[in-house]
Amino acid sequence: MTVLLSKNIIGILFGDPYLPSAALLNLYIFSGVLVGFNTLSDRWYQLHNLSYLIFYKSLFGAIANIILNYFLIQYLGPIGAALSTIISLFLLSLCF
């Protein structure tokens with residue numbers, strides 16, 4: 001629903017000058033789903049006494065995000081930052 005109404009939400013809350021940020025909001029909405037999956041996997045690791053894997057998972061995600069930010073922000077600006085977050089979270093979901 002937020003994806004469909006993002007321009008209206010941004011326009012009402014912040015005004016017309018901020019309407020271009022609706023694209024960023026739409027990208028970050030998808031990251032919320034991936035954060036949910038990763039939170040569930042963290043709980044699974046805790047239940048099975050594999051908490052040490054959460055550290056490695058977080059370290060891998062941080063390194064992936066830093067590397068992706070370095071390249072994507074240069075070419076895409078703020079959209080690149082949002083994409084690097086989504087790609088990093090997707091990689092965590094796949095690898096762990």
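Leu34 touches Ile86, Leu89, Phe90 and Ser93 once residues up to four places away in sequence are set aside, and this leucine lies in helix H2. The model is a predicted one, with an average pLDDT of 92 for the protein and 100% of the residues scoring at least 70. Its secondary structure comes to four helices and zero strands, and the points below move from overall form to individual residues in H2, the loop after it and H3.

**Confidence and overall form**

- Confidence varies between the elements of the protein, the lowest mean pLDDT (89) belonging to helix H1, residues 2-14, and the highest (95) to H3.
- Read from the N terminus on, the elements follow the order α-α-α-α, in keeping with a count of four helices and zero strands.
- The radius of gyration is 16 Å, whereas a compact globule of 96 residues would have a value near 12 Å.
- Taken along the principal axes, the box filled by the C-alpha atoms is roughly 50 × 30 × 15 Å.
- Among contacts with a separation of 6 or more, 51% are accounted for by residues 24 or more positions apart.

**Surface and burial**

- Of the 96 residues, 28% count as buried, and the accessible surface of the protein comes to about 6,600 Å², with 74% of that area belonging to carbon and sulfur atoms.
- A nonpolar patch on the surface is formed by Tyr52, Phe55, Tyr56, Leu59, Phe60, Ile63, Ile67, Tyr70, Phe71, Tyr75, Leu76 and Phe96, which together have about 1,300 Å² of accessible area.
- One of the patch residues is Tyr56, which is found in helix H3, residues 52-76; because its relative accessible area is 45%, Tyr56 is classed as partly exposed.

**Helix H2 and its contacts**

- Leu24 lies in helix H2 and, not counting residues up to four places away in sequence, touches Pro78, Ile79 and Ala82.
- The C-alpha atoms of Leu24 and Ala81 are separated by 9.2 Å, although the two residues are 57 residues apart along the chain.
- Ser31, also found in helix H2, is in contact with Thr85, Ile86 and Leu89 when its neighbours within four places in sequence are left aside; this serine is classed as buried because its relative accessible area is 8%.
- Leu34 has a relative accessible area of 12%, so it is classed as buried, and Ile86 and Leu89 are among the residues that Leu34 touches, just as they are among the contacts of Ser31.
- Leu34 and Leu4 are 30 residues apart in sequence, and their C-alpha atoms are 19 Å apart in space.
- Ser41 has its place in helix H2 and, its neighbours within four places in sequence left aside, is in contact with Lys57 and Phe96; Ser41 counts as buried because its relative accessibility is 16%.

**The salt bridge between H2 and H3**

- How many salt bridges does the count come to? The count comes to one salt bridge, formed by Asp42 with Lys57, whose closest N and O atoms are 2.9 Å apart.
- This pair links distant parts of the chain, with Asp42 in helix H2 (residues 22-47) and Lys57 in helix H3, 15 residues apart.
- Is Lys57 buried or exposed? Lys57 is buried, because its relative accessible area is 3%, which falls under the 20% cut-off for that class.
- Lys57 is thus named twice in this region, as the salt-bridge partner of Asp42 and as one of the contacts of Ser41.

**The loop between H2 and H3**

- Asn49 is placed in the loop between H2 and H3, and at 65% relative accessibility this asparagine counts as exposed.
- The backbone of Asn49 has a positive phi of about 55°, although this residue is not a glycine.
- As background to that angle, most residues other than glycine have a negative phi.

Terms used:
Residues are numbered from 1 along each chain as its sequence is written. This is a predicted model: local features need pLDDT of at least 70, side-chain atom pairs count only at pLDDT 80 or more; totals for chains, interfaces and linings use all residues. Side-chain values use heavy atoms; hydrogens and water are left out. Patches are made of residues with over 30% relative accessible area and no salt bridge: like charges are joined within 9 Å, nonpolar side chains (Val, Leu, Ile, Met, Phe, Trp, Tyr) within 5 Å. Accessible areas come from the Shrake-Rupley method with a 1.4 Å probe; for residues, only the protein chains shown count as cover. A salt bridge is a side-chain nitrogen of Lys or Arg within 4 Å of a carboxyl oxygen of Asp or Glu. Helices (H or I, at least four residues) and strands (E, at least two) are DSSP runs, numbered from the N terminus. Buried means under 20% relative accessible area, exposed over 50%, partly exposed in between (1.4 Å probe, protein chains only). pLDDT is the predictor's confidence in each residue, from 0 to 100. The radius of gyration is taken over C-alpha atoms; the globule rule is 2.2 Å times the number of residues to the power 0.38. Contact means heavy atoms within 4.5 Å.
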